Structure formats: C-alpha cells, structure tokens
Amino acid sequence: MTDALYGRIEARIRSGELAPGSRLPTQKDIALDENVSRTVVREAVARLAAQGLTISRQGSGVYVADAPELRAFQVTRDELAELADVIKLLEMRLAVETEMAGLAASRRTTADIGAIQEALFDMNERRDDPAAAAKADSAFHLAIARASQNDYFVRFVDFLGLRLVPPRNLYLRDQPVAAHHAYADRVQDEHEAIVDAIVRMDAAKAREAARRHMQESLTRHSTLSARVRVREPQP
C-alpha cells in the first residue's frame, strides 16, 4: 500500500499536477482521500522526501521540491531482494564495469595492482562464508574503480557497496555446498582474467574480460529467473 501511494503521488509531481513549491495535503487528508492508514501515508511521504521530491518546512507542511526532477539516484537494499531487480542492476553494471576495467588497465599503478590482487585473494580465502566473500568481491570492484583514476567511478561503486554483488544464496537456493564451491570457482576465474588484463595494461582485453564476467552473471540470474517463472503456479 505504501508503494502504491508513493507511486501515485510521485506521478502527480512528475506530471506537474502538483507543481514545484506547492503544498501537499496534510497526512490526515491524504489518508482520508486515499482510504489508507496514517502509517502508510507517513511512510510514503518519508520516501518522497528521501528521493528529493519533497521538502518539509517546520510548522508549515510538506512542499514539492523546486526541482524534483533532480532527485538523488537511489538503489535501496529492499529493491534487490527480487531476481528481476538484481537483473536490472547487472544490466547497468555491464556497461559501467566494462569501461571502468578498460580505464583501469590504461591507468593503473603498482599500488592499484596490489589492492586488486589482495581483494581477489581475500575473496578466495572467504569462499565458504558468502557474506565475507561478498564483502571482498565489493572491495575488488572498488579497487578497480580506484585504478581507473576517475573519482566518479569510485563514488558510484562505493555508493553501491555490497549491493554490487548479487547475494549468492539468491542464485544458489537450496543448492549443496559443492554448487557453492563451483560457483565461487567460476567467479574467481572470471575475476582473474580481468586482473591479468589490467596487470598487462591491455585495455581491450580488460574490457572484454569485464564484459564477459558481467554477462555471465547476468545470464546465470536470467536463467534462474526463467526457471522460477516456470515453477510458479499458473492462475
């Protein structure tokens, strides 16, 4: 209900029905008009503010932001709980990480190589602990971002953090330990190919390896999503 209410108010703001600078109805009025609880309204309004669509003025109310189209980019943890959303993020990363790896290969320093290799080693050492492995995986991609010498890549990858790494358990639902090890081995091989190209300062190979890595992850999760849909009961 919160999602639906948020979507309706957002649409009114985007369309200009609720113009920049205009005051939103009170939470009580919204609850009555929409036939929802005050809790639902409060959560929806809080989300509007978090997205930069509205601002609160103490003692006056909630107003549409002057430039709501400039809201901050967001990817929340809750959004990555479903396979469909993980796939969307992987599609975006396919483009970003391909170019990032190419720049890293062209610009990396000796210190950058050390940081990337250390993260790769940590990932392998922690393969039996999915949470720790995911943290090392995130550090690996952040080290490549730093090697690109482009602060915007660093800020973007740092912002996504662990959200960069699809939860292993999402892909390997109810699978035995051997399946987890096989998955970790495949990912390790893909990462090693990226590192090798960056070490050799081969930008074309780095882009190719990064794209292959992201495409493989995208394929794995897309295949799983298709299997899940087949298993779902039909109405």
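A search of the whole structure turns up zero aromatic pairs, where a pair would be rings of Phe, Tyr and Trp (its six-membered ring) with centres within 6.5 Å, called stacked with planes under 30 degrees apart, edge-to-face over 60 and tilted for the rest. Bear in mind that this is a predicted model: local features need pLDDT of at least 70, side-chain atom pairs count only at pLDDT 80 or more, and totals for chains, interfaces and linings use all residues. Residues are numbered from 1 along each chain as its sequence is written, and side-chain values use heavy atoms, with hydrogens and water left out.

Charges over rings do turn up (NZ of Lys or CZ of Arg within 6 Å of the ring centre and within 35 degrees of the ring normal). Arg 57 lies over the face of Tyr 63, at 4.1 Å from the ring centre. Over at Tyr 6, the charged end of Arg 47 sits above the ring, 5.4 Å from its centre.

Arg 47 also has a salt bridge, to Asp 3. Counting a side-chain nitrogen of Lys or Arg within 4 Å of a carboxyl oxygen of Asp or Glu, the model has ten salt bridges. Among them are these:

| Pair | Closest N to O |
|---|---|
| Asp 3 and Arg 47 | 2.6 Å |
| Asp 122 and Arg 126 | 3.5 Å |
| Asp 196 and Arg 200 | 3.1 Å |

What does the salt bridge of Asp 3 and Arg 47 tie together? Asp 3 lies in helix H1 (residues 2–15) and Arg 47 in helix H3 (residues 38–50), so the pair links parts that are 44 residues apart in sequence. Helices here are DSSP runs (H or I, at least four residues), numbered from the N terminus.

As for exposure, buried means under 20% relative accessible area, exposed over 50%, and partly exposed in between (1.4 Å probe, protein chains only). Asp 3 is exposed at 53%, while Arg 47 is partly exposed at 31%. Arg 200 is exposed at 62%, and its partner Asp 196 is partly exposed at 38%.

Now the inside. A nonpolar core is a set of buried Ala, Val, Leu, Ile, Met, Phe, Trp, Tyr and Cys residues joined through side-chain atoms within 4.5 Å. The largest one has 28 residues, and those with the most contacts inside it include Phe 140 and Ile 116. Its largest share, seven residues, comes from H6. A second, separate core of 17 residues includes Tyr 6 and Leu 48.

Terms used:
Helices (H or I, at least four residues) and strands (E, at least two) are DSSP runs, numbered from the N terminus.
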